[in-house]
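Work through the exercises below with the sequence and the structure in view. Try each task before reading its solution.

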Amino acid sequence: MYRRRLTSLPLFFSHFHQVKRADQLKIYQAFSTEIINPVESESSSTRNSPYVAFVLGGPGSGKGTQCLKIAETFGFEHIGAGDLLRKEMYSSTEEGSGPTKFCNIFPSEFSAMIQKLMREGSIAPSEVTVKLIQKAIESAENRKFLIDGFPRSEENRTAYERIIGAEPNFVLFFDCPEEVMVKRVLNRNEGRVDDNEHTVKERLKVYKAVTLPVVNHYAKKGKLYKVDGTGTQEEIFERVRPIFSSLSSLV
């Protein structure tokens with residue numbers, strides 16, 4: 001459907017280690033700032049294709065908050081995979097007349113299934129999540145997307161590439177200690193069914209077992225931008241800002 005590969009990016013970083021990209025460009029993640037200019041500009045047809053960034057991190061890593069800041073500052077569309085699933089979970093009828101415009105993709109039987117999985121801290125079937133994301137992308141006027149909290153497993157990743165027909169342009173990963181994540185989740189009081197101590201611990205187990213391999217996959221491909229997720233929202237965003245500032249000429 002959409003097929004594009006990221007061949008070059010002007011990279012503007014601080015706080016990271018140096019990582020070599022597959023195309024021999026380098027992502028500089030040092031304590032000094034480096035800028036690498038793109039080898040060539042993108043064609044207008046490529047610019048019209050969706051520009052997708054996956055945003056990963058454990059529960060409570062702050063990725064959702066930072067996505068909102070990125071969307072507001074840099075004009076990206078924020079698509080929360082978990083939010084799409086929660087909307088689908090509260091769908092009340094097979095025809096999708098519940099409080100979400102995405103629920104008509106699947107029959108209402110998915111609502112109970114998703115609710116059960118969320119209470120257990122488990123991962124929803126990949127095809128369900130990918131088709132919800134696909135619908136959100138296709139229905140948006142924006143062509144720049146932050147896919148928040150996806151892919152959570154290698155199965156998610158391969159299902160996305162199979163159904164969408166493309167890889168993400170890059171992956172933003174918020175690295176945060178477990179104790180910080182647990183504290184944040186228990187203190188946010190958003191009324192979510194999965195925001196309790198038992199579920200958080202189960203989600204962290206799943207995250208370590210099945211999501212970190214996805215992070216490692218994109219790190220090996222040179223598509224991973226790792227951000228320190230500790231500190232205040234403002235401090236974290238100042239670490240994120242240079243990454244997206246450097247993309248303005250390409251998206």
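Helices (H or I, at least four residues) and strands (E, at least two) are DSSP runs, numbered from the N terminus. The model is predicted, so local features need pLDDT of at least 70 and side-chain atom pairs count only at pLDDT 80 or more, while totals for chains, interfaces and linings use all residues. Residues are numbered from 1 along each chain as its sequence is written, and side-chain values use heavy atoms, with hydrogens and water left out.

**Exercise 1. Helix 6 and its charges**

Task: Find how far apart Glu 154 and Arg 157 sit in helix 6, in helical turns. Then characterise their pairing.

Solution:
- Step 1. Glu 154 and Arg 157 are three residues apart in helix 6, so about one helical turn separates them.
- Step 2. Apply the salt-bridge rule: a side-chain nitrogen of Lys or Arg within 4 Å of a carboxyl oxygen of Asp or Glu. The Glu 154 and Arg 157 side chains satisfy it at 2.8 Å, N to O.
- Step 3. Check exposure. Buried means under 20% relative accessible area, exposed over 50%, partly exposed in between (1.4 Å probe, protein chains only). Glu 154 is partly exposed at 29%. Arg 157 is buried at 9%.
- Step 4. Extend the pair. A network of salt bridges links Glu 154, Arg 157 and Glu 161.

**Exercise 2. Two further salt bridges**

Task: State where the partners lie in the bridges Lys 131 to Glu 127 and Glu 167 to Lys 221.

Solution:
- Step 1. Start with the total: the structure holds 11 salt bridges.
- Step 2. Lys 131 and Glu 127 meet at 2.9 Å, N to O. Both belong to helix 5, four residues apart, about one turn. Lys 131 is partly exposed at 30%, and so is Glu 127, at 42%.
- Step 3. Glu 167 and Lys 221 meet at 2.6 Å, N to O. This pair links distant parts of the chain, 54 residues apart: Glu 167 is in the loop between helix 6 and strand 8, Lys 221 in the loop between helix 8 and strand 9 (224–228). Glu 167 is buried at 12%, whereas Lys 221 is partly exposed at 25%.

**Exercise 3. Helix 5 and the core**

Task: Compare the span of helix 5 with its expected value. Then place the helix in the largest nonpolar core.

Solution:
- Step 1. The expected span is 1.5 Å times one less than the number of residues. Helix 5 (126–139) has 14 residues and reaches 20 Å from first to last C-alpha, close to the expected 20 Å.
- Step 2. Its buried residues include Val 128, Leu 132, Ile 133 and Ile 137.
- Step 3. A nonpolar core is a set of buried Ala, Val, Leu, Ile, Met, Phe, Trp, Tyr and Cys residues joined through side-chain atoms within 4.5 Å. Of the 36 residues in the largest one, Phe 54, Ile 133, Ile 147, Phe 150 and Tyr 160 touch the most other members. Elements that each supply at least two residues include helix 5, strand 5 (51–57) and helix 8 (197–220).
- Step 4. Apart from this core lies another, of 19 residues, among them Cys 67, Leu 172, Phe 174 and Phe 237.

**Exercise 4. A buried arginine**

Task: Which backbone oxygen lies 2.7 Å from a polar side-chain atom of Arg 239?

Solution:
- Step 1. Arg 239 lies in helix 9 (233–245). Arg 239 is buried, with a relative accessible area of 15%.
- Step 2. The oxygen belongs to Asp 228.

Terms used: Polar contact = N/O pair within 3.5 Å; in protein donor to acceptor, adjacent residues only side chain to side chain.
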